[in-house]
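User: I'm new to reading protein models, and the labels confuse me. Could we go through some of them and check each value against its cut-off?

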Amino acid sequence: MTNIAFIGLGNMGGPMAANLLKAGHNVVAFDLVKTALDEFVTIGGVAASSAASAVENAQVVISMLPAGKHVAGLYLGNEQEKNGLLMLLTKGCLVIDSSTIDAQTSRSVGLYANDLGIKFVDAPVSGGTAGAKAGTLSFIVGGEVEAFALAEPILNAMGKNIFHAGPAGAGQVAKMCNNMLLSVLMAGTSEALRMGVENGLDAKVLSDIMVKSSGRNWALEIYNPVPGVMDGTPASNDYQGGFMVDLMNKDLGLALAAAQASDSAVPLGQKAAELFKDHGAQGHGRLDFSSIYQHYSSKKV
Ligand code: NAD
């Protein structure tokens with residue numbers, strides 16, 4: 001049993017913290033939203049009045065926040081005032097940041113933590129809110145081997161696949177690479193299916209052909225973007241649930257910034273980002289990302 005401070009009880013953090021409680025850990029949580037804390041108390045958690053008080057007896061701190069600026073603000077605080085949360089932790093404490101953020105912020109927090117004798121891993125997740133509730137998330141971890149070994153048993157209470165990608169920041173880079181590829185696969189699959197349909201083919205027949213041919217890929221096999229082709233997909237449920245276009249746009253923004261920083265050529269990633277951005281701007285940001293299929297008509301793209 002470990003004393004864990006959990007910061008950020010949102011759509012993902014709420015169910016993740018609940019799974020830590022179920023696994024028998026002592027969890028003290030903080031969120032800026034009081035209703036999130038109230039809900040956490042009803043399932044046996046402890047609510048703190050601030051992030052600082054949440055970490056008072058913590059051996060492990062986990063954060064699940066929206067973006068890099070929130071993570072930097074929490075852990076590093078104001079540079080002059082040195083009022084970040086890292087300053088309040090005892091040596092040997094482990095920090096796990098599971099937010100999806102830019103790799104540079106993860107590296108900065110990791111370096112500062114290291115200076116203070118605190119272990120740090122970035123551990124962004126894949127699996128969405130359904131995976132967070134079911135405790136089946138994939139964690140893609142960046143950090144030193146020793147920090148990874150300490151984080152692994154904690155992450156096992158919230159996830160199923162725990163990967164070590166490399167040093168601090170590597171988890172974020174691996175997640176961005178995966179999601180950029182996913183956006184390209186989904187856009188490409190939608191493009192091919194739309195072209196087939198506009199040439200008189202049946203989307204299901206064409207999908208069956210391509211899934212047994214060299215165009216086979218995850219979007220085609222597991223997550224077909226055409227309504228009615230596959231049961232249980234967001235496409236067959238008015239593109240509700242799943243992974244929102246807004247979140248894909250956030251991840252593609254991070255991927256393109258990383259590509260620019262490393263001077264990497266990502267022409268397909270750039271094109272996919274453009275398509276998803278246009279789709280979101282047309283009022284579809286809250287639909288599942290496979291709704292990019294609807295964006296594919298000669299009138300729109
Ligand atoms: P969310 O907006 O639902 O939750 C974020 C929570 O953080 C909110 O409750 C907010 O009040 C709280 N918060 C913000 N700043 C805070 C601070 N300084 N102190 C305490 N609490 C603070 O977001 P989410 O959907 O839970 O996503 C969290 C992270 O996980 C994001 O980085 C997102 O990209 C990533 N992610 C989300 C999904 C998904 O399907 N929702 C999937 C994979 C990864």
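User: Why does glutamate 274 count as partly exposed?

Analyst: Its relative accessibility is 43%. Buried means under 20% relative accessible area and exposed means over 50%, with partly exposed in between (1.4 Å probe, protein chains only). The 43% of glutamate 274 falls in that middle range, so partly exposed is the right label. Before we go on: this is a predicted model, so local features need pLDDT of at least 70 and side-chain atom pairs count only at pLDDT 80 or more, while totals for chains, interfaces and linings use all residues. Residues are numbered from 1 along each chain as its sequence is written, and side-chain values use heavy atoms, with hydrogens and water left out.

User: What makes lysine 271 and glutamate 274 a salt bridge?

Analyst: The definition asks for a side-chain nitrogen of Lys or Arg within 4 Å of a carboxyl oxygen of Asp or Glu. Here the N to O distance is 3.0 Å, so the pair passes the test. Both residues belong to helix α12 (residues 267-284), 3 residues apart, which puts about one helical turn between them. Lysine 271 is partly exposed too, at 41%. By the way, helices are DSSP runs of H or I with at least four residues, strands are runs of E with at least two, and numbering starts at the N terminus.

User: How many salt bridges are there, and which residue pairs with aspartate 208?

Analyst: The structure has 6 of them. Aspartate 208 pairs with lysine 204, and their closest N and O atoms are 3.1 Å apart. These two sit 4 residues apart in helix α9 (residues 203-211), again about one helical turn. Why does that spacing suit a pair? An α-helix has 3.6 residues a turn, so residues three or four places apart point the same way. Aspartate 208 has 40% relative accessible area and lysine 204 has 39%, so both are partly exposed.

User: What makes lysine 175 and aspartate 251 a salt bridge, and where in the chain are they?

Analyst: The N to O distance is 4.0 Å, and the limit is within 4 Å, so the pair qualifies. This one links distant parts of the chain: lysine 175 is in helix α8 (residues 170-198) and aspartate 251 is in helix α11 (residues 245-261), 76 residues apart. Both residues are buried.

User: What is unusual enough about aspartate 238 to mention its phi, and is the residue buried or exposed?

Analyst: Its phi is positive, about 55°, although aspartate 238 is not a glycine. It lies in the loop between α10 (218-222) and α11. With 61% relative accessible area, aspartate 238 is over the 50% limit, so it is exposed. Aspartate 263 also has a positive phi, near 55°, and is found in the loop between α11 and α12. Its 72% makes it exposed as well.

User: How do you know that helix α1 is mostly covered?

Analyst: Helix α1 (residues 13-22) has 8 buried residues out of 10, among them Pro15, Met16 and Leu20. Histidine 25 lies in the loop between α1 and β2 (26-30). At 12%, histidine 25 is under 20% and so counts as buried.

User: What makes threonine 2 and histidine 25 a polar contact?

Analyst: A polar contact is a pair of N or O atoms within 3.5 Å; within protein, one must be able to donate a hydrogen and the other to accept it, and residues adjacent in sequence count only if both atoms are side-chain atoms. The backbone nitrogen of threonine 2 lies 3.1 Å from a polar side-chain atom of histidine 25, so the distance is inside the limit.

User: Which atoms touch the ligand's oxygen atoms at asparagine 11 and aspartate 31?

Analyst: For asparagine 11, a backbone N or O atom lies 2.9 Å from a ligand oxygen. For aspartate 31, a polar side-chain atom lies 2.7 Å from a ligand oxygen. Both distances are within 3.5 Å, so they fit the polar contact limit. In total, 22 residues surround the ligand, where being counted takes a heavy atom within 4 Å.
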